[in-house]
Amino acid sequence: MSKESVITEHIEITPGVLGGKPCIAGHRIAVAHIAEMYLKMGISIEEIAGKYDLPLASVHAAMTYYYDRREEIDRHTAESRAIVEELKRNSPPSPLPEKLRLIRGEQQL
């Protein structure tokens, strides 16, 4: 009898899709996003599955994958957020708020 790896039915890593981050198979929903919704936002596994039309087993597999690689995934998430914050700090302000004020006829603050 051969061993069968079940988690690979539910989690995939595809170069070029979400930066090669582990995702729910057939979807562009990262394992890290599932973990964040469940752990930080308090959304149940069932709610996540229903909201994104995912098999319940896939959401459970995502959490299993996350717990097996928690330190690595959390580190990558923190690094990504730091890069985004750095880009925000070093980017010129968006002209959109001013354009919206002009469209609405509001006075500049």
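Let's start at E9, which is partly exposed with a relative accessible area of 47%. Here, buried means under 20% relative accessible area, exposed over 50%, and partly exposed in between, using a 1.4 Å probe and protein chains only. E9 sits in the segment before β1. Its C-alpha lies 7.0 Å from that of A25, although the two residues are 16 apart in sequence.

Before going further, some ground rules: this is a predicted model, where local features need pLDDT of at least 70 and side-chain atom pairs count only at pLDDT 80 or more, while totals for chains, interfaces and linings use all residues. Residues are numbered from 1 along each chain as its sequence is written, and side-chain values use heavy atoms, with hydrogens and water left out. As for the labels, helices (H or I, at least four residues) and strands (E, at least two) are DSSP runs, numbered from the N terminus.

Moving on along the chain, we reach L18, in the loop between β1 (11-12) and β2 (23-24). What is the sign of phi at L18? Phi is positive there, about 50 degrees, even though L18 is not a glycine. This leucine counts as partly exposed, at 24% relative accessibility. D53 has a positive phi as well, near 55 degrees, and is likewise a residue other than glycine. You'll find D53 in the loop between α2 and α3, and D53 is exposed, with a relative accessible area of 67%.

Now for the inside. A nonpolar core is a set of buried Ala, Val, Leu, Ile, Met, Phe, Trp, Tyr and Cys residues joined through side-chain atoms within 4.5 Å. The largest one here has 19 residues, and those with the most contacts inside it are I11, I24, V31, I34 and V59. Which helices supply at least two residues each to this core? They include α1, α2 (45-51) and α3 (56-68). The most comes from α3, which gives six residues.

Back out at the surface, Y38, L39 and Y67 make a nonpolar patch of about 270 Å². Patches are built from residues with over 30% relative accessible area and no salt bridge, with like charges joined within 9 Å and nonpolar side chains (Val, Leu, Ile, Met, Phe, Trp, Tyr) within 5 Å. The areas themselves come from the Shrake-Rupley method with a 1.4 Å probe, and for residues only the protein chains shown count as cover. L39 belongs to helix α1 (residues 31-39), and at a relative accessible area of 36% this leucine is partly exposed. In the loop between α1 and α2 sits S44, also partly exposed, with a relative accessible area of 23%. From S44 to T14 the C-alpha distance is 27 Å, with their positions 30 residues apart in sequence.

On to the charges. How many salt bridges does a search of the whole structure find? The count is six, where a salt bridge is a side-chain nitrogen of Lys or Arg within 4 Å of a carboxyl oxygen of Asp or Glu. In one of them, E36 pairs with R81, and the closest N and O atoms are 2.5 Å apart. This pair links distant parts of the chain: E36 is in helix α1 and R81 in helix α4 (residues 70-90), 45 residues apart. Both partners are partly exposed, E36 at 25% relative accessibility and R81 at 39%.

Helix α4 also has salt bridges between its own residues. R70 joins D74, with the closest N and O atoms 4.0 Å apart. Because they are four residues apart in helix α4, R70 and D74 are separated by about one helical turn. R70 is partly exposed at 38% relative accessibility, and so is D74 at 35%. E79 and R75 form another salt bridge, at 3.8 Å from N to O. These two lie four residues apart in helix α4, about one turn of the helix. E79 has a relative accessible area of 42%, which makes it partly exposed, and R75 is partly exposed at 43%.

Finally, the rings. The charged end of R69 sits over the ring of Y65, 3.8 Å from its centre; the criterion is NZ of Lys or CZ of Arg within 6 Å of the ring centre and within 35 degrees of the ring normal.
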